[in-house]
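Hi there,

Here is the structure I promised to pass on to you. Have a look at it first, and then read on for what turned up.

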Amino acid sequence: SVPVALFKAGQVALDLANQIAAGEVVQRPASVVKELLENAIDAKSKTIKLIVKDAGKTLIQVVDDGRGMSITDARMAFERHATSKIKANEDLFNLTTKGFRGEALASIVAVSQIELNTAVADNPIGTLIKIEGSKITSQENSVTPKGTSIAVKNLFYNTPARRNFLKSDGVELKHIIDEFQRVALPHPDINFRMYHNGSEVFNLIKDSFKRRIIQIFGNKTEGKLVSLGEKTSILKLSGFVYKPEFARKHKGEQFFFVNNRFIKSSYFHHAIMGAFEGLLREKTQPGYFVNFEVDPKTIDINIHPTKTEIKFEDEQIIYTVLKSAVKHSLGQYNIAPSLDFST
Ligand code: ADP
Ligand code: MG
């Protein structure tokens with residue numbers, strides 16, 4: 001038999017490995033929010049509720065009405081590389097889901113205490129599982145409507161250095177709201193609600209993309225938007241840019257989505273700045289909400305753990321299409337002449 005001390009050392013090493021791996025995916029409460037929301041979307045939910053306490057430091061809970069998990073799936077979900085989304089190698093090159101690595105829940109559970117309550121359709125009995133230190137500590141039947149609730153408690157409770165590294169509640173909450181918006185914006189067909197410390201922060205009702213923008217950023221946004229549209233053999237582009245007079249000194253609302261996934265791209269930002277050339281006051285930037293629809297086979301999402309930077313096969317063509325579409329829309333609205341540079 002294995003000596004106890006050695007066994008313990010092995011366990012410590014394993015816990016440590018899991019915690020280090022978690023660091024890639026889980027940097028702060030907002031990272032957990034992103035992963036849980038994406039899982040709820042992948043489960044085909046129609047209504048998703050995010051409940052946060054103390055800026056996510058004590059509780060992050062996502063409740064969805066998606067397909068739910070069987071008992072076996074629920075127990076498996078927290079194993080590393082347990083994903084139900086990739087069945088064959090080719091799937092990796094033709095992704096239609098947000099998740100595919102099976103890393104997120106395994107990483108989150110290594111640094112938090114979790115309560116999972118889930119049920120599949122046509123089965124009145126669901127499963128309630130509690131996990132701590134990556135181990136299932138209790139499992140029972142529950143009466144649950146179809147769908148999943150995952151509550152992540154006391155993030156980084158077992159990694160004090162990382163817990164201490166967290167910023168103020170104000171800063172962490174801002175990050176959470178950013179992630180919430182990045183996920184909710186490209187999914188206007190899903191109802192999203194968010195609560196912080198018992199108060200409602202967002203209540204987003206299923207509607208058009210334009211209405212979703214207005215629901216998030218306020219009624220005054222409506223008059224700022226100019227719509228974009230372009231279709232070529234390799235992509236469909238849609239969305240909105242702000243009229244030049246609403247450009248601001250600081251980065252405002254700037255969003256690129258590829259197949260409904262938020263991405264960062266200084267390259268495409270540059271294309272938009274190029275299209276606005278001559279229309280902006282010095283050192284200001286326009287807001288934009290741009291959707292690209294491309295064949296999943298022409299992009300590589302796998303280059304960055306949080307999947308916010310991706311590689312495009314046809315990057316230069318997309319740049320050109322984007323720049324000309326924005327120019328065209330700005331020209332069509334014919335707003336350039338009315339610009340007043342004196343204020
Ligand atoms: P990935 O999303 O990359 O597959 P995750 O660690 O995020 O990996 O989730 C692991 C698995 O748990 C998923 O593949 C899915 O089968 C299941 N799962 C997670 N969240 C949900 C949910 N909200 N509804 C149904 N199944 C879920
Ligand atoms: Mg996932």
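What covers the buried residues of helix 9? Keep that in mind while we set the scene; please remember that this is a predicted model.

The chain holds nine helices and 15 strands. Of its 343 residues, 35% are buried. Among contacts with a separation of 6 or more, 67% are between residues 24 or more positions apart.

Now to helix 9, which covers residues 315-333. From its first C-alpha to its last, this 19-residue helix reaches 27 Å, close to the 27 Å expected at 1.5 Å a residue. Its buried residues are I318, V321, L322, A325, V326 and L330. Looking down the axis of helix 9, you will find these buried residues within an arc of 155°, so they line one face of the helix. The general reason is that an α-helix has 3.6 residues a turn, so residues three or four places apart point the same way. Turn to the other side of helix 9 and you meet Q316 and G331, which are exposed.

And the cover? It includes strand 9 (225-231), strand 10 (235-242), helix 8 (266-275), strand 13 (288-294) and strand 15 (311-312).

Finally, take a look at ligand 1, which is surrounded by 24 residues, the closest being N39, A43, T83, S84 and G99. Two elements each give two or more residues to this shell: helix 2 (29-42) and helix 4 (104-109). By type, the shell around ligand 1 has nine nonpolar, eight polar and seven charged residues.

Enjoy exploring!

Notes. Residues are numbered from 1 along each chain as its sequence is written. Chains are lettered from A and ligands numbered from 1 in the order in which they are written. This is a predicted model: local features need pLDDT of at least 70, side-chain atom pairs count only at pLDDT 80 or more; totals for chains, interfaces and linings use all residues. A residue is near a molecule or strand if its C-beta atom, placed from the backbone, lies within 6 Å of it. Helices (H or I, at least four residues) and strands (E, at least two) are DSSP runs, numbered from the N terminus. Ala, Val, Leu, Ile, Met, Phe, Trp, Tyr, Cys and Pro count as nonpolar, Asp, Glu, Lys and Arg as charged, and the others, Gly among them, as polar. The expected span of a helix is 1.5 Å times one less than its number of residues. A residue is buried if 20 or more other C-beta atoms lie within 10 Å of its own, exposed if 12 or fewer, and partly exposed in between; C-beta atoms are placed from the backbone. The arc is that of the directions from the helix axis to the C-beta atoms. Two residues are in contact if their C-beta atoms, placed from the backbone, lie within 7 Å.
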